[in-house]
Amino acid sequence: MENTLHFVFGIFGNAFALFLFLAPLITFKRIVKKRSTEQFSGIPYVMTLLNCLLSCWYGLPFVSPNNLLVSTINGTGAAIESVYVLIFLIFAPKKEKGKILGLLSLVLAVFAIVVFVSLFALHGNARKLFCGIAATVFSIIMYGSPLTIIRLVIKTKSVEFMPFFLSLFVFLCGTSWFIFGLLGKDPFVAIPNGFGSGLGAVQLILYAIYRDNKGQNKKAAADESLEMGHVNDSLGPTFSDAKFDNTIILALVECHFQFRVSEGS
């Protein structure tokens, strides 16, 4: 029964995380249409790519048993983020393109080092511990990306820039993978996603408090220039356009977060 529940929550986590990874599609449709990255930053997409690569590697059977579902969704996420980064590089101005290429090279180097060390220098639990810590750190950072939006909501007392479905699916994604990690007795999945679940819950609580103020305090919000990845060079399936030109719920994390998406995202 426990194994069945473990698998079911893994499937739920995959589904919710996929929505999060696909959230920026509207933003990239805008970039392609205008043939310009405007004020968007490519940093969150590059860093989310690293998170996905590390989490995918961690979920492989020879690194951590019984976590194949972690690998499937993060492998998918890595492919999606790679497309985002490629599009960004095509349409970014020269200076930004150089910055993103440099960061991408660093990200790939970090991933290569983790792979090399875990394959040839570590074995058994030591390999799992090393890869798990690496993936956990970036998962927590990715899930932490909504903190900028939370601050904005509290400051403006408006949820205009925090769509309900975004908060809901960040919460559902984090919770699904948190339970998956608990059932699988894997702290490297449970801890970062427990953090993501908590942040999602905070967003839902704020939404309940300020839902009637939606659309107010626009000027204050505009001054924040909140375009995720622009405002804050953090990670995650990003919220890209603060006004949520891509309101599809970051799609709902970042998990961006984070997500997303995260070790489980």
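This passage walks through a predicted model of one protein chain, from its overall fold to a few individual residues. Because the model is predicted, local features need a pLDDT of at least 70 and side-chain atom pairs count only at pLDDT 80 or more, while totals for chains, interfaces and linings use all residues. Residues are numbered from 1 along each chain as its sequence is written, and side-chain values use heavy atoms, with hydrogens and water left out.

The chain has 10 helices and zero strands. Here, helices (H or I, at least four residues) and strands (E, at least two) are DSSP runs, numbered from the N terminus. Read from that end, the elements run α-α-α-α-α-α-α-α-α-α. Of the 265 residues, 55% count as buried; buried means under 20% relative accessible area, exposed means over 50%, and partly exposed lies in between, with a 1.4 Å probe and protein chains only. About 11,200 Å² of the chain is exposed, and carbon and sulfur atoms supply 70% of that area. Accessible areas come from the Shrake-Rupley method with a 1.4 Å probe, and for residues only the protein chains shown count as cover.

An unreviewed UniProt entry lists residues 6-28, 40-60, 72-93, 100-121, 133-154, 161-183 and 189-210 under "transmembrane region". The record's positions are given in the numbering used here, feature names are shortened, and annotations may be inferred rather than shown by experiment. Two of these spans can be compared with the model. Residues 6-28 are 91% helix and 0% strand, with end C-alpha atoms 35 Å apart. Residues 189-210 are 100% helix and 0% strand, and their end C-alpha atoms lie 32 Å apart.

A helpful residue to look up in the structure is serine 71, which lies in helix H4 (residues 68-91). Serine 71 counts as buried because its relative accessible area is 6%. Its side chain makes polar contacts, that is, pairs of N or O atoms within 3.5 Å; within protein, one atom must be able to donate a hydrogen and the other to accept it, and residues adjacent in sequence count only if both atoms are side-chain atoms. The side chain of serine 71 reaches the backbone oxygen of cysteine 56 at 2.6 Å and the backbone nitrogen of leucine 60 at 3.0 Å. Leaving aside residues up to four places away in sequence, serine 71 touches Cys56, Gly59 and Leu60, where contact means heavy atoms within 4.5 Å.

Glycine 132, found in helix H6 (residues 124-143), is also buried, because its relative accessible area is 0%. Glycine 132 and leucine 54 are 78 residues apart in sequence, and their C-alpha atoms are 8.4 Å apart in space.

Charged side chains come next. Side chains of opposite charge can pair when their charged atoms come close. The structure holds three salt bridges, each defined as a side-chain nitrogen of Lys or Arg within 4 Å of a carboxyl oxygen of Asp or Glu. Glutamate 38 pairs with arginine 30, the closest N and O atoms being 2.7 Å apart, and with lysine 34, where the closest N and O atoms are 3.5 Å apart. Glutamate 38 is partly exposed at 30% relative accessibility, and arginine 30 is partly exposed at 22%. Glutamate 96 forms a salt bridge with lysine 99, with closest N and O atoms 3.3 Å apart. These two residues are separated by about one helical turn because they are three residues apart in helix H5. Glutamate 96 counts as buried at 15% relative accessibility, whereas lysine 99 counts as partly exposed at 43%. Salt bridges that share partners join Arg30, Lys34 and Glu38 into one network.

On the surface, Phe62, Phe116, Leu119 and Phe120 make a nonpolar patch of about 430 Å². Patches are made of residues with over 30% relative accessible area and no salt bridge; like charges are joined within 9 Å, and nonpolar side chains (Val, Leu, Ile, Met, Phe, Trp, Tyr) within 5 Å. Leucine 119 lies in helix H5 (residues 94-120) and counts as partly exposed at 31% relative accessibility.

Finally, two loop residues deserve a look. Arginine 35, in the loop between helix H2 (25-34) and helix H3 (43-59), has a phi near 55°, a positive value in a residue other than glycine. Arginine 35 is exposed at 61% relative accessibility. Lysine 185 lies in the loop between helix H8 (164-183) and helix H9 (187-210), and its phi is near 55°. With a relative accessible area of 66%, lysine 185 is exposed.
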